[in-house]
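Student: I should like to learn how to read the features of a two-chain model. Could we take them one at a time?

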Number of protein chains: 2
Amino acid sequence: MFFKARPLEFEAKKPIVILNKDDAEDLGTKVLDRVLLKIAKKSLVAIINIAEHLIPRGEIGLYGSVQEKLNVGFGDKIEVIVADTPKSLLHIRKKLTGNILKTDEIREIIDDIVKQTLSDIEITSFVIALYNHGMTMNETAALSMAMADTGKRLDIKNKLVFDKHSIGGIPGDKTSLLLVPAIASFGLTIPKTSSRSITSPAGTADRMECLCPVELDIDEIKSVVKKTNGCLVWGGAVELAPADDIFIQIEYPLSIDPLLLPSVMSKKKAVNARYVVIDIPTGKGAKMKTIEEAQDLGKSFIELGKKLGIKVECASTFGEQPLGYAIGPALEAREALRTLLTGKGPDDLVGKVVHLGSVLLDFKRVKNSKQKMYDSIRSGKAGEKMREIIEEQGGNPNVKPEDVPVGSDTVKIKSSRSGKVLWLNNNAIRAIARSAGAPKDKGAGILLYKKLNDPVKKGETLFEIYTEKSYKLERALRDAKNLNVVGVGKSYEMVLAEIPEEEEHRKYFILER
Amino acid sequence: MFFKARPLEFEAKKPIVILNKDDAEDLGTKVLDRVLLKIAKKSLVAIINIAEHLIPRGEIGLYGSVQEKLNVGFGDKIEVIVADTPKSLLHIRKKLTGNILKTDEIREIIDDIVKQTLSDIEITSFVIALYNHGMTMNETAALSMAMADTGKRLDIKNKLVFDKHSIGGIPGDKTSLLLVPAIASFGLTIPKTSSRSITSPAGTADRMECLCPVELDIDEIKSVVKKTNGCLVWGGAVELAPADDIFIQIEYPLSIDPLLLPSVMSKKKAVNARYVVIDIPTGKGAKMKTIEEAQDLGKSFIELGKKLGIKVECASTFGEQPLGYAIGPALEAREALRTLLTGKGPDDLVGKVVHLGSVLLDFKRVKNSKQKMYDSIRSGKAGEKMREIIEEQGGNPNVKPEDVPVGSDTVKIKSSRSGKVLWLNNNAIRAIARSAGAPKDKGAGILLYKKLNDPVKKGETLFEIYTEKSYKLERALRDAKNLNVVGVGKSYEMVLAEIPEEEEHRKYFILER
């Protein structure tokens, strides 16, 4: 049947067309069925939506992307033919019933997801099928490869590529900002691509952006790495494994994360990494609650790495409090830079950098790797390398910690009792920092004054909230009052928390990549 | 924060608002998070979508339903406050991990689905959770009650209500058109609400609509039933258990149907039925492939009925060929009316009507129930009652079968060999009838000339395709040539079908209610 084109103003990446209800019935089609559109020598398969009034009979509404691809204007005649169900949808249905998918079936699914030809309902059913039925290691490897292959590649010629990844979840985790220049200072190649925050107060890309640009293209990244051996850039700008961004849109509202392994490893594959250390923060308020869980995940990463030709080591790290004292992009950038430039910083931060870095050095059988990592920080060698990287990425190499602007509206939260810090609530800290404006407002966040086991006197400051906008300060302050942030007491008491009668609806889901 | 309203022209039942990406980040919200909108004394919780260009900063795009409910115009100031995650979504997540839901949790989910405050992704995850984890009988009962309670009720005062339901799947199944007047002719009350076709060539409402109006409101239905004891109307017009229509939108593209039990029984509850017979067509090309499957399903219907205060009997009926000879709304209406008026019709059709009807009479301990049902058809008593019902619903009581218009473009498909009919392919017959235009074109469909075990001579007509439009005839004819519709041979041969090398993408999913 032929229809008159009616371009619509909707922003949508999916190739959606809208038919009048009666026309759809004439074609024998329903919502989400597919049609083949033909005009001149161009053709395109699109997803059907149906409207009762918006589109008159005989017309076909075209979302922006369809209109562009077919290059049609209002009133142009388009032939519309009922199309087959996409093969990828048949594979998704197969997985929905618990079957194991073949490599080429997974590839077809990921191809269609990246090409945006599957609907939200269909992609959701795939994500939930993975969540419910799990994946074999072969499926996970196929998925990782398909996700890497459907995106761009960062290929540093003639270099063995090292990489580091954290599965995230600990506020204030600025490890990469120290580890990358330290490793690069040993002459190893570490082109670190990072994500921005999804559910946290700051991602590595958000932190680094306080010091220099992070949205570099592939050629710019290669040039930085060629000169300095390292970089700290935003992976989103270079479209590595773009399927992951689509999965995140589904996973976030459902608070599920069945694609963690292929998500991480597809990106390592996309930068052609050969040696990778993966940080698995563990504990109450982290993604992995117990060491056993962390070990299981770590073993899976190692096994998956073998299938992808990547040597992986994992470390389960202490995750029951934020790392260092600063939370929020600018505050963290300051803390990282100060540590690099002075060679001195919070013990837990430096300790973690040294430990994870030494794992990378051990891949190369470097002797006394821990000591060497420690020396690279303390001596300022890593700091010197950081200046080089900042400069090559287009920043000011002489930037000082105080130069990084932080929020000017601040408030200190004081302790109502004396004792020592028995616990810190990562979820609450994350929530307050986000209410304060992080990561969107780079200067917003939290500065901790006390950490686990520190003695506290009544009236002493526990933490300080930084904001750029006063209404956000109010919002954060309200949260600080309502949430149990820091536990101060004489000794561990039996009552951890009072269970409120009303169910709490706050979302504490950690989805980081 | 305050935003300027920007009404949008989108048709959408869901309360969706669109924010500029930067504003959403300022609020600390993501796609599908919820916001509370406040203006004057009105307020509403809406689902967030995010746009990069469509909506300028400081504005909030409002879908039609939001604009109406808040009664705002362009530029009006709306306060936007981040809202909690809906409780129903927490319950859905609970089911997603395989937990059993409580009655009030199920009620909250169904409430929000009917109020359209859950996104497609969220409803999809609920449907798939039910598909994957199943439901306990208590959950199924709670779901049925919630689905009934969130819609309208048809309450026939002071009458014991009888009802009949088929889970569908057999082309040409016009049983209700004969059973309802027959049962009503015994003085029993049977206010039959039916669905229109979803994936079949005709639903009962589509068939009846060829004889008289079926879109009656509740008062009109009551009046018809008061005068005639029965009716045959479209349930969609009176919004019984409207959640089901929303579930169907998700189930159809995924080809899954986890809600069959609550879908059917919520509608029986909504009409306050006390005695119900359920027809479960069984066999290759039906929904239930084996008698064991049919028995399991039947037992579940009976058990669920007990929980809902409904006495249920089930019958597994022969489902390996169409019922009667006519397929398609008008052709079927003709066949049903002719049988009622002459007292004579296809053996399988009359036999099924007699059997299912006798189950209803048995609830009332009527003696010789089968013979009485048979007599009611043969004597024309049921036909007389049908005329009354047609008249009360606003049709012409003297309508004759020939008065019902059928398609004028027809073609006969002939046998290429002699033998007898070994099998009929329900899926192929359904597909061809739909290609021919059914159910949209009421006069389109198929008339069978031969059924199972009938002798066939080479060149004899096997079936005839009826269409209202010539391009649909071409389409149906192409299907008739490509699909294996009727198997004619001397005896059952070992080869049932050749397996094509290429995967077939045609959708043969039966979703009927």
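The dialogue below goes through the interface, a buried residue, the cysteines and the backbone.

Tutor: Please keep in mind throughout that this is a predicted model.

Student: How many residues does each chain bring to the contact between chain A and chain B?

Tutor: Chain A contributes 54 residues, which touch 56 residues of chain B. The two chains bury about 4600 Å² between them, and carbon and sulfur atoms account for 54% of that area.

Student: How many salt bridges and polar contacts cross the interface of chain A and chain B?

Tutor: The rule finds 8 salt bridges across the interface. One pair in a salt bridge is B:Lys469 with A:Asp26, where the closest N and O atoms are 3.5 Å apart. As for polar contacts across the interface, there are 17 residue pairs, with both residues at pLDDT 80 or more.

Student: Which elements give two or more residues to the side of chain A that touches chain B?

Tutor: They are helices H1 (21-27), H3 (87-96), H5 (120-133), H10 (243-254) and H18 (470-482) of chain A. H5(A) gives the most, with 9 residues. By class, this side of chain A comprises 24 charged, 20 nonpolar and 10 polar residues.

Student: Let us turn to a single residue. Is B:Thr175 buried or exposed, and why?

Tutor: B:Thr175 counts as buried because its relative accessibility is 0%, and the cut-off for buried is under 20%. B:Thr175 belongs to helix H7 (residues 175-184) of chain B. Apart from neighbours within four places in sequence, B:Thr175 is in contact with B:Lys164, B:Leu323, B:Leu349, B:Lys352, B:Val353 and B:Leu356.

Student: How many disulfides does the structure hold?

Tutor: There are 0 disulfides over all chains. To read such a result, one compares the distance between cysteine sulfurs with the cut-off, which is 2.5 Å.

Student: Why does B:Cys212 form no bond with B:Cys210?

Tutor: The sulfur of B:Cys210 is the closest cysteine sulfur to that of B:Cys212, but the distance is 9.8 Å, so the two are too far apart for a bond. B:Cys231 is likewise in no disulfide, the nearest cysteine sulfur being that of B:Cys212, 9.8 Å away. In terms of accessibility, B:Cys212 is buried at 5%, and B:Cys231 is buried at 0%.

Student: What should I look for in the backbone angles?

Tutor: Most peptide bonds are trans, and most residues other than glycine have a negative phi, so departures from either pattern merit attention when reading a model.

Student: Where are the cis peptide bonds in chain A and chain B?

Tutor: In chain A, the bond from A:Ala438 to A:Pro439 is cis, with omega near 5°. A:Pro439 is in the loop between helix H17 (426-435) and strand E15 (445-448) of that chain. In chain B, a cis peptide bond joins B:Ala438 and B:Pro439, with omega about 5°. B:Pro439 is placed in the loop between helix H17 (426-435) and strand E15 (445-448) of chain B.

Student: What is phi of A:Asn272, and what is phi of B:Asn453?

Tutor: A:Asn272 has a positive phi, near 60°. A:Asn272 sits in the loop between helix H11 (260-270) and strand E10 (273-282) of chain A, and is partly exposed, with a relative accessible area of 33%. Phi of B:Asn453 is also positive, near 75°. B:Asn453 is found in the loop between E15 and strand E16 (455-456) of chain B, and counts as partly exposed at 45% relative accessibility.

Note on methods. Residues are numbered from 1 along each chain as its sequence is written. Chains are lettered from A and ligands numbered from 1 in the order in which they are written. This is a predicted model: local features need pLDDT of at least 70, side-chain atom pairs count only at pLDDT 80 or more; totals for chains, interfaces and linings use all residues. Side-chain values use heavy atoms; hydrogens and water are left out. Helices (H or I, at least four residues) and strands (E, at least two) are DSSP runs, numbered from the N terminus. Buried means under 20% relative accessible area, exposed over 50%, partly exposed in between (1.4 Å probe, protein chains only). Contact means heavy atoms within 4.5 Å. Buried area is the accessible area (1.4 Å probe) that two parts lose on being put together, summed over both. A salt bridge is a side-chain nitrogen of Lys or Arg within 4 Å of a carboxyl oxygen of Asp or Glu. A polar contact is a pair of N or O atoms within 3.5 Å; within protein, one must be able to donate a hydrogen and the other to accept it, and residues adjacent in sequence count only if both atoms are side-chain atoms. Ala, Val, Leu, Ile, Met, Phe, Trp, Tyr, Cys and Pro count as nonpolar, Asp, Glu, Lys and Arg as charged, and the others, Gly among them, as polar.
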